[in-house]
Every structure is written in structure tokens, then in C-alpha cells.
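Thanks for making time. I will go through one chain this morning, from a single helix out to the fold as a whole. Please have the sequence and the structure open.

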Amino acid sequence: MRTNEEMFAELDAFIESVGSDPSEMIAILHTAQGIFGYLPMKVQKHIADRIGVNVSQVYGVVTFYSFFTMKPKGENVISICLGTACFVKGSDKLLAACEKHLGIRNGETTADGRFSITTLRCVGACALAPVMQINGKTYGNITEDDVPGILDSYMNRESAAV
């Protein structure tokens, strides 16, 4: 497991590669989220200091874009598409089934850190509606009855954190 110092050094190397340019803030935030897994205030302050902007500007970008998060995500990130095609075909039922099966709500992470549930507006797979993704793997044309089996297959996998 990497130390905070190593992660900040990696982030600093990226910031230096783009010239500490505030116009690269989104790219820097994406990189930081990839390194740390999320964007806690400590990381946002560090980025603000490094690119010479007020931390409120960084915070504003982080809270504006839905793909940035200030909370740690689970090892397995479940994303339910709530775009029009998916919603019409029952993605709200997929979301409810995930919440019930895992005992958490949209935007939360299980106590053991294994699962997070998020929603998004479109994954570009409308022909497969309704769509659920887990760690980027797309499951299409599924029903709420399919959800427990899919989630159980991830529960039975060896945790990457072990």
C-alpha cells in the first residue's frame, strides 16, 4: 500500500507535467481522484496551493461535476443508469434492488468498504436498457430479479484489499 507522501509525490509530478496551469484543473482533479480514490479537502487544498488558485475554486469544480467525489468509494462501484431509456425500462427498480440487497442507499458505501452505489444519467448503451455497471463492466437488459445474483458474484470474490 502506498503512503500519502508517495501519492502526493505522484500528484505533484503530474501537476508539474502540465505546468501548474489552472486551466488544467479538471485533468489534475481526475488524476488526483485516480491516485487517492476520492478528493478529500486535504487534496483539494494541496491542488489549490500548487496551481495558485483559491481552494473555493477547486471545491466549486469538484462539487459541480458528478464524476468527482469527496467520499471514498467502495472496492466495487455500482452505477445505475437513470437516463430516459433506462428509466422507462425499469432502472429505478434496479436501483431499489441494489439498495435492498446491500443495505445502503444511493451515494453510500457499505460498512466493509466493498460496495458503493451511484447513479448516472447515460452510459450510451440505450439499446441494452436498463443498464447497470459494476467497476465499468456493463450489465444490460436486466431486471431487479437479476440483481442479487450479479451482486453475489462480486461478494464471493476475494477482496482486493486483503
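Start with helix 1, where the buried residues are Met7, Phe8, Leu11, Asp12 and Ile15. Around the axis they cover an arc of only 135 degrees, so they sit on the same side of helix 1. This is a predicted model, so please hear everything that follows with that in mind.

What do the buried residues of helix 1 pack against? They pack against helix 2 and helix 3, the latter being residues 41-51. On the face turned away from the buried side, helix 1 carries the exposed residues Glu5, Glu16 and Ser17.

A quick check on the geometry of helix 1. With 14 residues at 1.5 Å a residue, helix 1 should span 20 Å, and its end C-alpha atoms are 20 Å apart, which agrees.

After helix 1 comes Gly19, with a positive phi near 75 degrees. Ser20 has a positive phi too, near 50 degrees, and Ser20 is not a glycine. Ser20 is in the loop between helix 1 (4-17) and helix 2 (25-36). Its relative accessible area is 25%, so Ser20 is partly exposed.

Now the packing. In soluble globular proteins, nonpolar side chains tend to be buried together. Here the largest nonpolar core has 20 residues, and those with the most contacts inside it are Leu11, Leu29, Val43, Ile47 and Val58. At least two residues of this core come from each of helix 1, helix 2, helix 3 and helix 4 (55-64). Which helix gives the most to this core? Helix 2 does, with six residues.

Leu11 is thus on the list twice: buried in helix 1, and among the residues with the most contacts in the core. Val43 shows how the pieces meet. Leaving out residues up to four places away in sequence, Val43 touches Phe8, Leu11, Ala32 and Phe36. There is also a second, separate core of 19 residues, which includes Leu95, Ile117, Met132 and Leu151.

Next, the aromatics. Searching the whole structure gives six aromatic pairs. In the pair of Phe67 and Phe68 the ring centres are 4.7 Å apart and the planes are at 65 degrees, so the pair is edge-to-face. Buried or exposed, what are these two? Phe68 counts as buried because its relative accessibility is 6%, whereas Phe67, at 42%, counts as partly exposed. Both belong to one aromatic cluster, formed by Phe64, Tyr65, Phe67 and Phe68.

The other pair I want to show is Tyr139 and Tyr154. Their ring centres are 6.5 Å apart and their planes are at 75 degrees, so this pair is edge-to-face. The pair links distant parts of the chain, with Tyr139 in strand 4 and Tyr154 in helix 7, 15 residues apart. Tyr139 is buried, with a relative accessible area of 13%. Tyr154 is buried as well, at 3%. Over the face of Tyr154 lies Arg157, at 4.0 Å from the ring centre.

Between those two elements there is a backbone point to look at. Asn141 lies in the loop between strand 4 (137-140) and helix 7 (147-155). Its phi is positive, near 55 degrees, and Asn141 is not a glycine. At 48% relative accessibility Asn141 counts as partly exposed, since the cut-off for exposed is over 50%.

Why pick these backbone points out? Most residues other than glycine have a negative phi, and most peptide bonds are trans. On the second count, the peptide bond from Ala129 to Pro130 is cis, with omega near -5 degrees. Pro130 is in the loop between strand 2 (115-120) and strand 3 (131-134).

Last, the chain as a whole. The protein chain has seven helices and four strands. From the N terminus on, they run α-α-α-α-β-α-α-β-β-β-α. The C-alpha trace spans about 50 × 35 × 20 Å along its principal axes.

How much of the chain is buried? Of the 162 residues, 40% are buried. Among contacts with a separation of 6 or more, 60% are between residues 24 or more positions apart.

That is what I had; I will take questions now.

Terms used:
Residues are numbered from 1 along each chain as its sequence is written. This is a predicted model: local features need pLDDT of at least 70, side-chain atom pairs count only at pLDDT 80 or more; totals for chains, interfaces and linings use all residues. Side-chain values use heavy atoms; hydrogens and water are left out. Buried means under 20% relative accessible area, exposed over 50%, partly exposed in between (1.4 Å probe, protein chains only). The expected span of a helix is 1.5 Å times one less than its number of residues. The arc is that of the directions from the helix axis to the C-beta atoms. Contact means heavy atoms within 4.5 Å. A nonpolar core is a set of buried Ala, Val, Leu, Ile, Met, Phe, Trp, Tyr and Cys residues joined through side-chain atoms within 4.5 Å. Rings of Phe, Tyr and Trp (its six-membered ring) pair if their centres lie within 6.5 Å; planes under 30 degrees apart count as stacked, over 60 as edge-to-face and the rest as tilted. A charge sits over a ring if NZ of Lys or CZ of Arg is within 6 Å of the ring centre and within 35 degrees of the ring normal.
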